[in-house]
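Let's take a walk through this model together. Have the viewer ready, and follow along from one site to the next.

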Amino acid sequence: HGILHSFPTRRSSDLPDHVRDRAARVRLVCFDVDGVMTDGGLYYSDVGHEAKRFHVLDGLGLKMLLESGVHVAVITARDTPAVAQRMRDLGIRHVFAGVPDKRARMLALAAELGLGIEDVAHVGDDLPDLGILSTVGFAITVANAHPSIVGVTHWQTRRHGGDGAVREVCDVILAARGLLDAAVARFRP
């Protein structure tokens, strides 16, 4: 595949209008795990323990969303201790694992938070995300998503799942909402 593209510019004025407009409304971002937060590989030890690889850039992006007042949720069909541990480490409270109907879970969470569909984004990569992606106000997929879902999304990252795609999404949403400069400023000397 060669070298991946760099991250998009962080100025909201540099984003395509349709991406900026949808991203500016987002108050809740839901993420799939396998293939979005990870590279999609399932790693098993000889004794059957599963391990996952998460990207540190993605973790900081998720923390920046949370610290900027944007709700973050993880909605995944698989239930593994590695995901639960990583989300605890990041301070993500809305973690829903073993979910057979992601769309229904997202609708319930949006209602609980008092948000409309137009305020919700979802990042997915394959057919189990189709229902939720077809519903939310900002449907996003990663660069290496299955082609069958690309047509229902509003935007596709340049980065692959597990390799900075989540951070790219976080940066775009924060930039469109005018929150990125403040989020980055706290790291400046």
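We begin at Ala182, which counts as exposed because its relative accessibility is 56%, over the 50% cut-off. This residue of the predicted model belongs to helix α8, which spans residues 180–185. Now look for Ser68: 114 residues separate Ser68 from Ala182 along the chain, yet their C-alpha atoms are 8.4 Å apart.

Next, turn to strand β4 (residues 71–76). Together with helix α3 (residues 81–90) and β5, strand β4 builds a β-α-β unit that is right-handed. The two strands, β4 and β5, pair in the parallel sense, with four bridges between them. One place to see the pairing is Ala73, whose bridge partner in β5 is His94.

Stay with β5, residues 94–97, and look at where its side chains go. In a regular strand, side chains alternate between the two faces of the sheet. Here His94 and Phe96 point to one face and are buried, whereas Val95 and Ala97 point to the other face and are not buried. Phe96 has a charged companion too: the charged end of Arg105 sits over the Phe96 ring, 4.0 Å from the ring centre.

Our last stop is about aromatic rings. How many aromatic pairs does the structure hold? There is one, formed by Phe138 and Trp155, with ring centres 6.3 Å apart. Why is this pair called stacked? Its planes are 25 degrees apart, so the angle falls under the 30 degrees cut-off for stacking. The pair links distant parts of the chain, with Phe138 in strand β7 and Trp155 in strand β8, 17 residues apart. Both Phe138 and Trp155 are buried.

How values were computed: Residues are numbered from 1 along each chain as its sequence is written. This is a predicted model: local features need pLDDT of at least 70, side-chain atom pairs count only at pLDDT 80 or more; totals for chains, interfaces and linings use all residues. Side-chain values use heavy atoms; hydrogens and water are left out. Rings of Phe, Tyr and Trp (its six-membered ring) pair if their centres lie within 6.5 Å; planes under 30 degrees apart count as stacked, over 60 as edge-to-face and the rest as tilted. Buried means under 20% relative accessible area, exposed over 50%, partly exposed in between (1.4 Å probe, protein chains only). A charge sits over a ring if NZ of Lys or CZ of Arg is within 6 Å of the ring centre and within 35 degrees of the ring normal. Two strands pair if DSSP finds at least two bridges between them. A crossover is right-handed if, with the strands pointing away from the viewer, the path from the first strand over the helix to the second runs clockwise.
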